[in-house]
Amino acid sequence: MIVVFGSINLDLVVSVPRLPQAGETVVGPDHQVFPGGKGANQALAARRAGGEVRMIGAVGTDDFARAALSNLEKAGVDLDHVRKLGGATGLAMIGVDEGGENLIMCASGVNSRVAADWLDGVLEKGDLLVLQRELAVEPIEQAVEKARAVGALVLLNAAPSGGEGLSRLIDRVDILVANEAEAAEIAADLGIGETESPHAALMALSAPQRLTVITLGSRGLIARHQDTIWRVSAPMISVVDTTGAGDAFIGGLAAALARGADVARALKEGAAAGALACTATGAQSSSPEESMVQALADRLSAIGEKI
């Protein structure tokens, strides 16, 4: 079972000709409303990629709550442990430019009150616990300890960038996924300083017992597991919106690992899911189905090099 402990939001998305600078207003023709939140996005992506998924999180008592959970419910994600708390459901305001790049602002709402003890009696030995950075670092730390105590594996996604505290967690997780900016932040927090290249960042953050992945956007990814460095190139796609790419990658990777796929195949499925998510609008609506992920992953190559 994949257990996702994380945020649940509603996303308000505005298409604009270009992203605004500080103090600037940029006008778009319309807006769209999508369920979102990195936790919910990753839960949906893992479910669509073929995983059995349970979501642990919270929504508010406002009108946004039902909409925020609608895609998870339709997909068959287990929502029995999502709590309804007095207050506002998390909200993200997202601008997307003509090239598909985005700018995101989030209001945490009741996500700020999600607690790690909600995992008690829910997380079991052999489960894969998926964590992200939209919750406070304290419940994330506590969730890692609960996973260790019951014998569950931990996948920590260092997104979104910003904030501190993840550096002290990385030696207690089984899978670490970060993009280049997030990897540089963690390295700086560890006192490593400048990392000149993705390979240097990977070597600074990796350990033989941990699968460490640095995603590189249109350049694919680089990863280390045990004594092997893996590289997967990104497929050629027509980019519409990159908002959901990182979460789709996590979902595809988690579904593959939970199924027992080897590291090379899991990386390819994650890369395929992330790439496919760039071809549609919205963090959840862009999340691809299992058949699409498998078909594209079959066409990708994972090149391994011994250290």
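In this predicted model, strand β6 (residues 90-96) pairs with β7 in the antiparallel sense, over six bridges. Within this pairing, Ala 92 stands opposite Cys 106 of β7. Both strands belong to an open sheet of four strands. The strand order is β3-β2-β6-β7, and the pairing is mixed. β3 (31-36) and β7 (102-107) form the edges, each pairing on one side only. With direction ignored, neighbouring strands of the sheet are turned by 20° against each other on average. In general, the strands of a sheet pair through backbone hydrogen bonds, either parallel or antiparallel.

A further set of pairings involves β10, β11 and β12. β10 and β11 pair in the parallel sense over five bridges. Here Asn 179 stands opposite Thr 215 of β11. β11 also pairs with strand β12 (residues 221-225), in the antiparallel sense and over four bridges. Thr 212 has Arg 224 of β12 as its bridge partner. Five residues lie between the strands in the hairpin of β11 and β12. One residue of this hairpin, Gly 217, takes a positive phi near 65°. Strand β11 (residues 211-215) is largely enclosed by the rest of the structure, because four of its five residues are buried.

Helix α1 is mostly covered as well, with ten of its eleven residues buried. The buried set includes the alanines Ala 40, Ala 43, Ala 45 and Ala 46. Lys 38 and Arg 48 are also among the buried residues of α1, as are Asn 41 and Gln 42. Just after α1, Gly 50 takes a positive phi of about 110°. In helix α8 (residues 290-297), the buried residues are Val 293, Gln 294, Leu 296 and Ala 297. These buried residues of α8 pack against α6 and α7.

Attention now turns to the pockets. Rolling a probe the size of a water molecule over the atoms shows where empty space is left. The largest pocket holds about 1,300 Å³ of space. Its lining comprises 47 residues, of which Asn 179, Thr 242, Thr 243, Ala 245 and Gly 246 are the closest to the centre. Asn 179 is also the residue that stands opposite Thr 215 in β11. Several elements give two or more residues to this lining. The strands among them are β2 (9-15), β6, β7 and β10 (175-179). The helices are α1 (38-48), α4 (180-189), α6 (245-259) and α7 (263-277). The largest share, five residues, comes from α6. By class, the lining of the largest pocket has 23 nonpolar, 17 polar and seven charged residues.

The second largest pocket holds about 230 Å³ of space. It is lined by 13 residues. Val 14, Pro 20, Ile 94, Gly 95 and Met 105 lie nearest its centre. β2, β6 and β7 each supply at least two residues of the lining. These three strands belong to the sheet with the order β3-β2-β6-β7. They also each give two or more residues to the lining of the largest pocket. By class, the second largest pocket is lined by eleven nonpolar and two polar residues. No charged residues occur in the lining of this pocket, whereas the lining of the largest pocket has seven.

Technical notes:
Residues are numbered from 1 along each chain as its sequence is written. This is a predicted model: local features need pLDDT of at least 70, side-chain atom pairs count only at pLDDT 80 or more; totals for chains, interfaces and linings use all residues. Side-chain values use heavy atoms; hydrogens and water are left out. Two strands pair if DSSP finds at least two bridges between them. Axes are lines fitted to C-alpha atoms, for helices over the stretch in contact, and angles run from 0 to 180 degrees between N-to-C directions. On a 1 Å grid over the protein atoms alone, a cavity is a set of points where a 1.4 Å probe fits but cannot get out, and a pocket is an open set with protein on both sides within 12 Å along at least five of seven lines; lining residues have an atom within 4 Å of a point. Grid points are joined across faces, edges and corners, and a volume is the space filled by probe spheres set on the points. Ala, Val, Leu, Ile, Met, Phe, Trp, Tyr, Cys and Pro count as nonpolar, Asp, Glu, Lys and Arg as charged, and the others, Gly among them, as polar. Buried means under 20% relative accessible area, exposed over 50%, partly exposed in between (1.4 Å probe, protein chains only). Contact means heavy atoms within 4.5 Å.
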